[in-house]
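Dear colleague,

Please find below the structure I am handing over to you, together with its sequence. My findings follow directly after it.

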Amino acid sequence: MSAIFKREFKSYFQNVVGWVFIAATMFFFGLYSYAYNMVNTYAQLGTVLQSITFLFLITVPILTMRAMAEERKNKTDQLIITAPISVGKIVVGKYLAMAAVYTITVGIMCIFPIILGRFGSVSYTETYVALIGLWFYGLLCLAIGLFISSLTESIVLSAIISFAALFLGYMMGSISSMISASGILEKIMSALDITAGLEEFTDGTFSITGLVYYVAAVALFLFLTCQSIQKRRWSGASTRKLQLSMFSGSMIAVSIVVCVLVNVVVAQLPEAAKSIDITSNKVYTLTDDTLEYLDTLEDDITIYVWVDESSCDETLDKTLNRYEDASKHITVEYVDPNVSPQFYETYTDEAPTENSMIVVNGDKSKVVSYDDVYETEINYSTYQYETTGYDGEGLITSAINYVTSTEQPIIYTLDGHGETSLDDSFTSAIEKMNITTQTISLLQEDAVPDDCELLIINGPTSDLNEDDAQKVIDYIEDGGKVLITLSYTDEDMPNFESILESVGMSTVEGVVLDTNANYYYQNPFYLIPEILSTDLTSDAADGYLFMPSAIGLDYSTDDLSDNETITPLLSTSDDAISKVDVANATSYEKEDGDIEGPFNLGLWYQNTGDDGEGTGEAVVISSTVAFSSDADQIVSGNNLTFFNSIIEEMVDTEGTNTVSIAVKDMETEYLTVTQAAARAYGTIAIYLIPIALIAVGIVIWVKRRRH
């Protein structure tokens, strides 16, 4: 076998075939990489690899068409057939030679992620797993081409049939979708779709099912190639012809059945065993919070997915499979809108969009719209919408929590004093905890409602009247809980200040800046506070918090009882300054009238009561802007994490078992590429490497011709 491998491998480089194969592949790879990575500055190669798969429809037939067909045409196959070596070794030797040529090509591609890494952050794990997927895809294409080459002595016919077969496998997924295949037909067409496994690898998973599919399919086509040669090897022995034909037919049938069974068995494995999530933010993996919650689940939950299973969103399908694997109480069923168009009417008045989910527990249900599963944002460079976040797990866990909860807590947000409305992402976080939010004006109420689990006063810019302030103070003294954020205003607000004074706090005049570069982002007023170690800040402690335009906080425990405590949450550095006259400030340094720090930027008041049980509670945060999407994006969602911790701590979720899962970031990573660097990259990748390879091949071919 080694002799055949060496002979075949050398032959590819002693003529131009091997060189042209590598050059053509590298040309298209370089072209697409230049367009995607250099011009559009995308940091991933997955899209590039998916884009060049069509190339294999042309290059693979060129590489494989001579492997067996030319041997038959020149009658040299008789030497191989009659050689004292097994047919299997002949086939494997030839196949390994082609695979080695192809592996050299993929090996050259492996250098490119390192080059891209010089221009920005590249996920090497995801990139190289995608290259592994491309390698397996190409190996299968070579095995198919080798088999077809063994069927004919015409090189041209071998190339044409190979192209047709590979094209059919390449297009099978699209054909299946167009004709809405289902049942046995769908399974057959899925088995013929040779690109599905590659898509799994390029989408951020190391696909065990894809790996098994490609290995099994390669083995099958190599076996079929052996059978094709074996049939010719014994064709002269007429007495054994019929017997051999029956044997060959039965062996082929058995090999196909074995191949199918192996893939069926692997497909039945749990999702975690079928694929390894290698995405940096674990898009396809359930978080520990969800898994812990599912362990406590006792009710039987059915998740109806409003789509034909063959057309389901692949990421959502993987997530749902993980839920089924994680709990025996969860069942996922797909409902085809074309088959059961009225199914949704039991649960909602309006038809949901395709891929939406209906989570059901007995008589209680909740619709999870597919429109909310992905977060999108317009890219102002391309003026196209891009997916920036995946909230499948968060929404599904929230829906399960909702249908199993016996009651819903209520959060009231104060209105009527120039308060800032909570940002959509923060209200969505509250809704995901299955907590109801309502706006309240205390002018119309005798007191804060009894069902209020938490009162949010979000950055008032005008003062409360004395009665309204007293209602809030009474609410806290009676065991109520308040979250207050601060906004800078020139207006005196003594009644609002009286609320803070009732819990031992006061504000510092002016707006805080920090001259220590480790405590601000771009501008000294854009604070990055020190996160102190507390139960309330533990979830956010691994990252940063962003607090622009913050108001300094001070506190005193002199007038507090032994049951009352104040815990600092966030702090500036010792170099912080509060600019009293912000409008006329001329320097970031301390000026006349400015107040020296350090300052507290977050305080937590607790009253444990005489019996040691928690009663009144207040959290005061120095910046209203901190709880906005713009600020949250600066620190990759850590402000929202902190906000969620506050809500989870202060809201009584008994009966709801509240769990909130953050949106998983899917924002596209970009490279920083100069025009000169892009031109150099394009020149080398598109022109120099392919031309050099072809030139070497031509020189070697000419030298051999002369000798």
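Glu617 is buried in this predicted model, because its relative accessibility is 5%, and under 20% counts as buried. Its salt-bridge partner is Lys481, with the closest N and O atoms 3.7 Å apart. This pair joins distant parts of the chain: Lys481 belongs to strand β12 (residues 481-485) and Glu617 to strand β24 (residues 617-621), with their positions 136 residues apart. Lys481 is likewise buried, since its relative accessible area is 18%, against the cut-off of 20%.

The structure contains 10 salt bridges. Side chains of opposite charge can pair when their charged atoms come close. Two further pairs are found within helices.

In helix α20 (residues 466-477), Asp468 and Lys471 are three residues apart, about one turn of the helix. Their side chains form a salt bridge, at 3.6 Å from N to O. Asp468 is classed as buried because its relative accessibility is 2%; Lys471, at 17%, is classed as buried as well.

The side chains of Lys274 and Glu271 also meet in a salt bridge, at 3.7 Å from N to O. About one helical turn separates Lys274 from Glu271, because they are three residues apart in helix α15 (residues 271-274). An α-helix has 3.6 residues a turn, so residues three or four places apart point the same way. Both Lys274 and Glu271 are buried.

Elsewhere, Arg7, Glu8 and Lys94 are connected in a network of salt bridges.

I also examined helix α19, which spans residues 424-432. At its N-terminal end, Asp423 acts as a cap: one of its side-chain oxygens is 3.2 Å from the backbone nitrogen of Ser425. Within α19, the buried residues are Phe426, Thr427, Ala429, Ile430 and Lys432. Which elements cover the buried residues of α19? Among them are three helices, namely α18 (392-404), α22 (629-634) and α23 (638-650), and two strands, β9 (410-414) and β10 (436-440). Just after α19, Asn434 adopts a positive phi of about 60°.

When you open the model, I would suggest beginning with the pair Lys481 and Glu617, which brings together strands β12 and β24, and then turning to helix α19 with its cap at Asp423 and the positive phi at Asn434.

With kind regards

Definitions and conventions:
Residues numbered from 1 in each chain as written. Predicted model: local features only at pLDDT ≥ 70, side-chain atom pairs only at ≥ 80, totals over all residues. Heavy atoms only, no water. Buried < 20%, exposed > 50% of the residue type's maximum accessible area, 1.4 Å probe, protein only. Helix = DSSP H or I, 4+ residues; strand = E, 2+ residues; numbered from the N terminus. Contact = heavy atoms within 4.5 Å. Polar contact = N/O pair within 3.5 Å; in protein donor to acceptor, adjacent residues only side chain to side chain. Salt bridge = Lys/Arg side-chain N within 4 Å of Asp/Glu carboxyl O.
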